[in-house]
Amino acid sequence: MQISLEVRNGILIAFGAFLWLLLENVMGLHSKYIDLQDLFSWLIILIPLVGIYFTLKHKRDKLQQGTITFIESLRSSSILTATVALSSPLFVWLYVSAVN
């Protein structure tokens, strides 16, 4: 069974956010250094930005022979975002129930 590029990368982005939560916990940003968390927590935006960028770049360069239309990019980004939105609660639940 072949998983589409957007679904695969969406799950990877959600997993990356899960790893970020684990890193924050290990660094003590959820307990000992809670006052520093607002300085570092905004960096999590880099995970989806980099994921969307490389997904669209791969789709354009490898699957679309170097060109991609705005509508194709919008469709791909929408599928990617929906996948992240649907899989992130699973990883947050895993973090809350197993780690926190």
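**A walk along H4 and over to H1**

Start by selecting Ser 73, Ser 76, Ser 77, Leu 80, Thr 83, Val 84, Ser 87, Phe 91 and Tyr 95: these are buried residues of H4. Keep in mind as you click around that this is a predicted model.

Now show the whole of helix H4, residues 70–99. Its 30 residues should span 44 Å at 1.5 Å a residue, and the end C-alpha atoms sit 41 Å apart, which agrees. Zoom in on Ser 87 and you'll find a kink of about 30°, shortly before the proline Pro 89.

What covers the buried residues of H4? Turn on H1 and helix H3 (46–63), which are both part of that cover.

Stay with H1, which runs over residues 5–26. Look at how H1 lies against H4: the two pack at an angle of about 35°, their axes 7 Å apart, and the crossing is right-handed. Colour the contact by class and you'll get 16 nonpolar, seven polar and one charged residues. To see who meets whom, pick out the H1 side, including Ile 11, Phe 15, Phe 18 and Leu 22, and then the H4 side, including Leu 80, Val 84, Phe 91 and Tyr 95.

Last stop: Glu 6, in H1. Is Glu 6 buried or exposed? With a relative accessible area of 5%, Glu 6 counts as buried, because the cut-off is under 20%. Select what is around it: beyond its neighbours within four places in sequence, Glu 6 is in contact with Lys 59, Ser 76, Ile 79, Leu 80 and Thr 83. Glu 6 also belongs to the H1 side of the meeting with H4.

Key: Residues numbered from 1 in each chain as written. Predicted model: local features only at pLDDT ≥ 70, side-chain atom pairs only at ≥ 80, totals over all residues. Heavy atoms only, no water. Helix = DSSP H or I, 4+ residues; strand = E, 2+ residues; numbered from the N terminus. Buried < 20%, exposed > 50% of the residue type's maximum accessible area, 1.4 Å probe, protein only. Contact = heavy atoms within 4.5 Å. Expected span 1.5 Å × (residues − 1). Bend = angle between axes of the 7 residues up to and from the residue. Axes fitted to C-alpha atoms, helices over the stretch in contact; angles between N-to-C directions. Left-handed = near helix turned anticlockwise from the far one by under 90°. Nonpolar A, V, L, I, M, F, W, Y, C, P; charged D, E, K, R; others polar.
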